[in-house]
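Student: Could we go through this structure together, with a reason given for each answer?

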Amino acid sequence: MQSTAAASVSASAIASGGGARSEPARRPGGLRVCGLRGESPACPSLRISQAPARLAVARAAAATNGAVAGSGGFDYDLVIIGAGVGGHGAALHAVEEGLKTAIIEGDVVGGTCVNRGCVPSKALLAVSGRMRELHDEHHMKSLGLQVSSTGYDRQAVADHANNLASKIRSNLTNSMKALGVDILTGVGTIVGKQKVRYGKVGFPEKEITARNIIIATGSTPFVPKGIEIDGKTVFTSDHALKLESVPDWIAIVGSGYIGLEFSDVYTALGSEVTFVEALDQLMPGFDPEIAKLAQRVLINPRKIDYHTGVFASKITPAKDGKPVLIELIDAKTKEHKETLEVDAALIATGRAPFTKGLGLENINVVTQRGFVPVDERMRVMDADGNVVPNLYCIGDANGKLMLAHAASAQGISVVEQISGRDHILNHLSIPAACFTHPEISMVGLTEPQAREKADKEGFEISVVKTSFKANTKALAENEGDGIAKLIYRSDTGEILGVHILGLHAADLIHEASNAIALGTRVQDIKFAVHAHPTLSEVLDELFKAAKVNSGVSHSVNEPVAA
Amino acid sequence: MASLASPSLSLHTVPGRARLAAAAGAPPRRRRVAVVRAKVREIFMPALSSTMTEGKIVSWTAAEGDRVAKGDPVVVVESDKADMDVETFHDGIVAAVLVPAGGTAPVGAPIALLAESEEEVALAQARAQALSQGPSREPHPPHAVAAAARAPPPPAPVAAPATKGIATPYAKKLAKQHRVDIAAVVGTGPHGRVTAADIQAAAGINPKPKVAPPPPPPPPAPPAAVRPAPPMASGAVLPPLPGGRVVPFTTMQAAVSRNMVESLSVPTFRVGYSMTTDKLDALYEKVKSKGVTKTVLLVKAAAMALTQHPAVNASCRDGKSFSYNTNVNIGVAVALEGGLLTPVLEDADKLDIYLLAQKWRVLLKKARTKQLQPNEYNSGTFTLSNLGMFGVDRFDAILPAGQGAIMAVGTSKPTVVADKDGFFSIKSEMLVNVTADHRIIYGADLAAFLQTFAKIVEDPEGLTL
């Protein structure tokens with residue numbers, strides 16, 4: 001195993017000569033390893049994993065890790081800086097591949113996702129979903145249910161979120177310990193090629209060597225200048241997730257995933273919400289059609305209003321008996337428009353990479369707006385545009401796609417490469433979800449993006465839609481709100497994007513994301529059978545609704561006719 | 001004890017009409033009012049889904065002055081679910097658009113006026129003007145039945161309101177829905193902001209008791225203004241008995257409850273009268289096959305009697321004057337599952353029993369499917385409640401607000417009757433009990449009315465004319 005690893009390193013080093021490619025993540029480059037079905041027998045993600053065999057390897061590795069020093073005089077085969085979801089995913093896969101692995105964490109295992117992000121927010125959203133349902137008299141009545149009164153205990157809700165985070169954190173820690181990943185405590189700094197120093201404040205620092213290093217330091221909430229955070233009345237998601245208060249009226253600056261999810265939580269718990277969005281439309285990252293419907297379902301009927309096309313130029317926390325003051329300026333003209341007076345403000349304007357103190361200057365790497373520049377294989381690029389050998393960066397720190405599971409996928413991709421199998425992650429196959437009620441999920445391109453690509457590359461696209469209103473299971477739940485939308489190439493049937501708004505959309509998206517990852521075309525997946533009655537039939541209907549100009553597709557894409 | 005859901009919207013609409021009649025000059029009042037009702041129709045914001053409470057006008061496909069035919073799409077409405085074309089139910093000319101594109105209106109609120117012919121266009125426009133100049137809460141709130149007819153008037157705008165025009169998101173939404181001018185509302189929330197409760201108070205809606213009051217936020221914002229107690233806190237709430245089940249009122253039940261409580265402010269008295277019904281029963285047997293019910297016959301009889309006794313068809317609206325109604329519109333109490341409605345047979349004195357019967361069937365169907373238009377349940381001038389079919393021999397009805405009298409009819413049953421010569425015979429006899437507002441209707445008025453009514457019932461040939 002060790003030899004394989006060594007071989008892989010040299011292989012990737014050779015490949016790195018021409019690896020100056022750094023196309024934006026969302027634009028599929030020419031190289032698509034996991035492109036169309038059956039085209040690339042070497043595509044690693046297509047391998048059906050032989051689970052028992054792999055497990056045995058992992059166990060063997062766990063037994064040997066730590067006992068035997070890494071090959072070639074290195075302390076470790078792989079050192080990961082940052083034990084978030086990305087680092088964790090990479091560590092697990094590395095052990096599976098037989099690499100001696102260590103992970104350095106300066107804070108708590110689990111990173112943002114587990115401690116201050118996806119995980120505790122899901123606990124709050126679980127509460128908000130139930131509150132919403134219990135409060136909806138019409139909904140309950142139509143199901144024949146009678147509920148006399150509902151209420152909640154803020155501290156108990158907060159505890160639920162906190163308990164969930166600690167539970168997941170200990171699961172994560174245990175899974176790494178069980179596999180023999182060394183968890184090193186302290187802040188990791190790269191001091192030179194394949195060399196990392198780490199240590200806690202007040203303790204002697206240690207230096208270790210590693211054949212490969214992955215930077216996975218993640219991100220922190222981004223706070224625009226002019227905004228004063230006090231953690232009580234003006235705060236970020238970090239504080240909000242502790243649910244120390246439920247303000248009567250809260251302004252949420254930013255209407256992306258984070259803002260939208262928190263609006264769901266706060267309105268369910270009785271707050272009124274005002275969105276402040278710099279762009280002209282709410283939910284700017286979403287497919288426009290989905291955003292429009294989401295506004296109808298998630299914004300308009302709720303106690304929410306919004307200001308679009310404005311910046312919050314100055315936010316002052318509540319003090320001296322005064323409320324939180326938010327000064328709004330026009331996003332274009334920068335003229336003062338209005339001053340909001342609210343009880344609290346949540347800053348959800350995105351996240352900034354956490355890459356300070358990494359010692360990147362020691363290896364001639366310059367961050368771009370804080371992000372570590374990487375190529376499509378997550379190899380770190382130095383100031384001259386050359387690949388830094390044996391150094392990778394995954395997750396929020398590289399800014400390609402700031403999602404926990406994207407970080408993990410990137411980590412696995414890197415481990416694949418250092419294990420000797422070239423691998424390029426198809427970011428267009430990574431799904432994203434927003435856990436509002438109902439949920440929103442998406443994978444691939446939005447319709448405008450797909451149209452742009454189609455114009456550029458000269459092909460036709462088609463769009464089909466299905467509604468949750470026609471789905472038996474959704475109607476049984478009395479949750480018929482929602483649509484699913486498929487964007488595909490009219491000629492080949494290639495799936496370009498799928499967008500869902502509706503009950504359990506986040507769980508439904510994977511059929512589409514898997515299809516994109518595996519290159520399954522719509523004319524093939526439409527024959528897959530879905531259990532009845534399930535929500536998955538919404539996608540079944542969607543695939544069946546798609547019409548592909550098969551004459552063209554067969555001649556072009558299936559040269560080896562059956 | 002029978003109780004009646006009074007047409008809770010009556011106060012709303014009738015003055016609106018009266019004002020309109022005044023605005024349009026004062027030609028023969030009777031005709032004028034009838035014309036208004038028949039020829040100018042309101043196009044209402046439709047309920048496009050069961051959860052829709054308000055709708056946004058995306059665009060008007062018909063412009064003012066356009067002639068439209070029944071079934072033509074006139075407007076595109078964005079509901080909480082989708083954009084939908086809305087068709088008109090009548091032929092006519094779009095005389096006035098009350099809610100322009102981009103505006104929102106609660107379900108059931110008029111969004112345009114449809115005139116039947118060119119002549120009515122001006123009338124409709126005058127009416128549109130009257131509507132728009134009306135009080136801010138002129139449009140019906142979303143739940144017609146629950147409309148707060150007797151809401152406390154909005155707090156008089158203070159000369160120099162302390163509010164800086166800061167209103168919470170929900171307050172803004174409610175203000176838009178109920179056409180409340182936020183600038184005129186004095187905010188009682190923290191830092192003087194206008195809250196949803198302020199708007200509800202201004203619009204005269206009972207704020208729902210907050211089920212889950214969120215704990216006060218720890219941020220050290222000292223309560224600048226203590227929230228006043230809910231404006232409509234009424235009566236002590238009795239503790240529930242153990243083992244019982246508490247089922248909150250539906251909106252209709254809440255309206256009934258409110259109207260019943262309100263009726264306590266009116267001094268009423270009752271007069272009973274027994275009459276023989278053999279001839280009426282015989283007539284009923286004859287016309288039964290044509291779909292005429294006993295109730296319809298009684299409505300007709302009451303209407304005929306009312307034309308001779310206009311005092312009983314009057315009402316006292318302000319405590320200072322008689323309001324004589326030009327039309328005889330008879331509301332009939334109908335028990336519905338979990339509620340009570342009084343669909344109104346308009347101009348019952350002018351229509352023959354067959355037409356009345358036909359109209360009644362339509363109203364009943366609409367009542368059961370909750371599709372009554374406001375004028376079909378709030379325009380009554382007199383109410384009839386018949387419990388005879390249950391074998392009830394006599395009962396006593398509560399006077400609905402805005403009306404002068406209500407008639408409670410028992411069953412007609414064979415009774416031994418002695419005539420003036422001392423001969424006994426068995427005759428069907430029915431007891432009728434009328435409750436009336438003694439401010440305007442005196443004992444003799446009611447007695448005379450009942451006498452006339454009894455004459456008509458005992459010699460019912462006139463009913464078929």
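Tutor: What follows is a short set of questions and answers on two residues and one chain.
This is a predicted model, in which local features need pLDDT of at least 70 and side-chain atom pairs count only at pLDDT 80 or more, while totals for chains, interfaces and linings use all residues. Residues are numbered from 1 along each chain as its sequence is written, chains are lettered from A and ligands numbered from 1 in the order in which they are written, and side-chain values use heavy atoms, with hydrogens and water left out.

Student: Is His532(A) buried or exposed?
Tutor: His532(A), which an unreviewed UniProt entry annotates as "active site" (such annotations may be inferred rather than shown by experiment), sits in the loop between α15 (522–525) and α16 (537–545) of chain A. Buried means under 20% relative accessible area, exposed over 50%, and partly exposed in between, with a 1.4 Å probe and protein chains only. Because its relative accessibility is 55%, His532(A) counts as exposed.

Student: Which residue's side chain forms a polar contact with that of His532(A)?
Tutor: Beyond its neighbours within four places in sequence, His532(A) is in contact (heavy atoms within 4.5 Å) with Thr472(A) and Glu537(A). A polar contact is a pair of N or O atoms within 3.5 Å, one able to donate a hydrogen and the other to accept it within protein, and residues adjacent in sequence count only if both atoms are side-chain atoms. At 2.6 Å, the side-chain partner is Glu537(A).

Student: Is Thr492(A) buried or exposed?
Tutor: Thr492(A) belongs to the loop between β22 (482–489) and β23 (495–502) of chain A, and a polar atom of its side chain lies 3.2 Å from the backbone nitrogen of Glu494(A). Because its relative accessibility is 10%, Thr492(A) counts as buried.

Student: What percentage of the residues in chain B is buried?
Tutor: Chain B has 10 helices and 16 strands, which are DSSP runs (H or I, at least four residues, for helices; E, at least two, for strands) numbered from the N terminus. Of the 465 residues in chain B, the buried share is 46%.
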